[in-house]
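Hi,

Here is the structure I said I would pass on. Have a look at it first, and then read my notes below.

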Amino acid sequence: MVPTSPVQAVSSEGCWRSLNEQGPFLIATFSTEGRLLSLNRTPSGASGEGLIGRSIAELFPLGDGPDTEAALRGVIETGRAARVEIPAGLSDSRMIWLELELLPIREGEVVTGALGLAIDVTETKQTALELRMTVNALHRTIEAREQLASDLHDGTLQSLYGI
């Protein structure tokens, strides 16, 4: 939306600045070559200035996560958005998970870069892992109960009935 009055312009700029500085998103722009052009902050909250100019492959090396370089290339070539979950290492050696939404930046019909919006989903992934572990433990308990019931029915109860 283009502001139609100075009050709207200040309000819109203030909202953007607030989202950019204090919002939950990491906001980045990438060139068509896959180089970082801008970053509001790193996942640890520090300035991203030292990362400007690096390729997306350098920022998120292929490891346990998806090929972010291929995802970015796909966005630039097709003009369609892409979403990936990627592991990211922090300067203090901790690992976090980011959900990265890559959106094409267009000038007319031509894609001139990509906008990246990332949010930390580490807690969500940790909660999902704990839930899966709990469900697996519950399944093992149910299987053990069923085995015990079967053993009682086939073994002990048959013997008692025979006596």
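The sheet is a good place to start: in this predicted model, 5 strands form an open sheet in the order E2-E1-E5-E4-E3, with antiparallel pairing. Strand E2 (36-39) and strand E3 (82-89) are the edge strands, each pairing on one side only. From one strand to the next, the twist averages 30 degrees. If you want one pairing to look at, take strand E1 (residues 26-30) and strand E5 (residues 110-120), which run antiparallel to each other over 5 bridges. Ile27 stands opposite Leu117 in E5.

Next, helix H3 (residues 68-78). Its buried residues are Thr68, Ala71, Leu72, Val75 and Ile76. They cover an arc of only 130 degrees around the axis, so they sit on the same side of H3. The general background is that an α-helix has 3.6 residues a turn, so residues three or four places apart point the same way. And what covers the buried residues of H3? The cover includes E1, helix H2 (56-59), E3, strand E4 (95-107) and E5.

Both ends of H3 are worth a click too. At the start of H3, a side-chain oxygen of Asp67 comes within 3.2 Å of the backbone nitrogen of Glu69. After H3 comes Gly79, with a positive phi near 75 degrees.

Now the charged pairs. The whole structure has 4 salt bridges. In one of them, Glu99 pairs with Arg83, and the closest N and O atoms are 3.6 Å apart. Glu99 belongs to strand E4 and Arg83 to strand E3, so this pair ties together parts 16 residues apart in sequence. Glu99 is partly exposed, at 25% relative accessible area, while Arg83 counts as exposed at 56%.

Arg83 also forms a salt bridge with Glu101, where the closest N and O atoms are 2.7 Å apart. Since Glu101 is in strand E4 and Arg83 in strand E3, the parts tied together here are 18 residues apart in sequence.

Another salt bridge joins Glu85 and Lys125, with 3.0 Å between the closest N and O atoms. Glu85 is in strand E3 and Lys125 in helix H4 (residues 122-162), so this pair links parts 40 residues apart in sequence. Glu85 is partly exposed, with a relative accessible area of 33%, and Lys125 is partly exposed as well, at 29%. Finally, through shared partners, salt bridges join Arg83, Glu99 and Glu101 into one network.

Cheers

Conventions: Residues are numbered from 1 along each chain as its sequence is written. This is a predicted model: local features need pLDDT of at least 70, side-chain atom pairs count only at pLDDT 80 or more; totals for chains, interfaces and linings use all residues. Side-chain values use heavy atoms; hydrogens and water are left out. Two strands pair if DSSP finds at least two bridges between them. Helices (H or I, at least four residues) and strands (E, at least two) are DSSP runs, numbered from the N terminus. Axes are lines fitted to C-alpha atoms, for helices over the stretch in contact, and angles run from 0 to 180 degrees between N-to-C directions. Buried means under 20% relative accessible area, exposed over 50%, partly exposed in between (1.4 Å probe, protein chains only). The arc is that of the directions from the helix axis to the C-beta atoms. Contact means heavy atoms within 4.5 Å. A polar contact is a pair of N or O atoms within 3.5 Å; within protein, one must be able to donate a hydrogen and the other to accept it, and residues adjacent in sequence count only if both atoms are side-chain atoms. A salt bridge is a side-chain nitrogen of Lys or Arg within 4 Å of a carboxyl oxygen of Asp or Glu.
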